[in-house]
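Colleague: I am new to this structure and would like a close look at one part of it. Could you walk me through the aromatic rings, and then show me the pockets as well?

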Amino acid sequence: MGYLQGEKPITITKLLSMHAESEKITMLTAYDSTMASLLNRCGVETILVGDSLGNVIQGFNSTTPVTIEQMAYHTACVARANTQAFLLADLPFASYGDPAQALDSAAELMRAGADMVKLEGGGEWQVEIIRYLVERSVPVCAHLGLLPQSVHLLGGYKVQGRSKDAATIMLEQALACQAAGAQMVVLEAIPSTLGEKITAELHIPTIGIGAGPDCSGQVLVLQDMLGISPGKPPKFVKNFMDGHTSIEAAIKAYVREVKSGKFPDLEHAFAG
C-alpha cells in the first residue's frame, strides 16, 4: 500500500487495476472532515458519503428524507479533508427520476468534490440513467441487492436474491449496469454465493456490504463498525472497536482484515 503514502490520489484507474490484480478494496462511509482525514491516515482507499447520513447523522429511520442539498453539503465537508482516497457520493431518493434531473444532481455532487456518484437499482430506467450520466462524463457506481431507498417498497430490510429467479435477475442487472458504463457495483445483503457469482461475471469491482467474502472489496457504515449505532446491528456488521483502544486502531484493523480476506467471515455473511 505504498501508494497511499505518496502525493497521488487514488483514481478509478487505480481501483480497476487493484481489482484486476485481486487486491481487495477498502471502503468506509464518512460525513465530515475530521473522519475523512482519519480514514485517509488509516489507508482507506475509497470513502463513501452515503445517504446513510439520514440514519446516523440526522436520526431518521430511513434514508428517504435526505436531500441533494444535504448530500452536497456533507460531500463538500469530506472533500475538503480528503487528500488521497477515491470519493463517492450517493444520489439520494428522488434526485434522479429522469436523465435531466440525474445530471443536475450528479453535477451538484461532483462540484462539491465527489469523484463518482452512486445510484440504487438496476432496472431499465436506472440503466438508462447510468448510460446518460456516463456519456456526459459522470462516473457512476451502481447499487444492487437491498436498496435502502426502496425499503418501504421492499417491506423492510430483507436479504435479496435468495430465489433462483431473483438471483438471475440481479446478475442480469449487474451486467446491464456494467454495459451502460458503471465502473463499480455495490452489492448489499445478498447470499455469499450470489456475491461470488456476480463478482466472477463482471470485469469491474464489486463492493460488498453483507454480500460475502468474494467481492472485490468491502464497505461498512463507519458508525456501525465502531459499534456506536443504536439498536441491533445487521448481521454483516462487525464491531471493530472490540479489542482496540482507539478509533484509529479500529479502522486500521478493518483495513487489515478486508485486505487479508479475514473479513467478512461466515458469521457476517448470508447463506443462499
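Modeller: Happy to help; what follows starts with the rings and then turns to the pockets. Please keep in mind that this is a predicted model.

By the ring-pair rule used here, the count comes to 5 aromatic pairs. A good place to begin is the pair of Phe240 and Tyr254, which is edge-to-face, with 5.4 Å from centre to centre and 90° between the planes. Phe240 belongs to the loop between helix H10 (222-225) and helix H11 (247-260), while Tyr254 is in helix H11, so this pair ties together parts that are 14 residues apart in sequence. Both Phe240 and Tyr254 are buried.

Phe240 has another partner, Phe263. Here the ring centres are 5.3 Å apart and the planes stand at 80°, so this pair is edge-to-face. It links distant parts of the chain, since Phe240 is in the loop between H10 and H11 and Phe263 is in the segment after H11, 23 residues apart. Why do we call Phe240 buried? Its relative accessible area is 2%, and buried means under 20%. Phe263 counts as buried too, because its relative accessibility is 4%. Taken together, ring pairs join Phe240, Tyr254 and Phe263 into a cluster.

One more ring deserves a glance: the charged end of Arg136 sits over the ring of Tyr132, at 3.6 Å from the ring centre.

Now for the pockets. The largest pocket has a volume of about 840 Å³. It is lined by 39 residues, and the closest to its centre are Glu188, Val221, Asp224, Pro234 and Phe236. Helix H3 (53-56), strand E4 (116-120), strand E6 (184-188) and strand E8 (217-220) each supply at least two residues of this lining. By type, the lining of the largest pocket divides into 19 nonpolar, 11 polar and 9 charged residues.

The second largest pocket holds about 410 Å³ of space. Its lining has 24 residues, and Gly121, Gly122, Gln126, Leu147 and Ser150 lie nearest its centre. Helix H6 (124-135), strand E5 (140-145), helix H7 (151-154) and helix H8 (164-180) each supply at least two lining residues to the second largest pocket. Among the elements, H8 gives the most to this lining, with 4 residues. The lining of the second largest pocket divides into 11 nonpolar, 12 polar and 1 charged residue.

Definitions and conventions: Residues numbered from 1 in each chain as written. Predicted model: local features only at pLDDT ≥ 70, side-chain atom pairs only at ≥ 80, totals over all residues. Heavy atoms only, no water. 1 Å grid on protein atoms, 1.4 Å probe; cavity = no way out; pocket = protein on both sides within 12 Å on 5 of 7 lines; lining within 4 Å. Points joined across faces, edges and corners; volume = space filled by probe spheres on them. Nonpolar A, V, L, I, M, F, W, Y, C, P; charged D, E, K, R; others polar. Phe/Tyr/Trp six-rings, centres within 6.5 Å; stacked < 30°, edge-to-face > 60°. Buried < 20%, exposed > 50% of the residue type's maximum accessible area, 1.4 Å probe, protein only. Lys NZ or Arg CZ within 6 Å of the ring centre and 35° of its normal.
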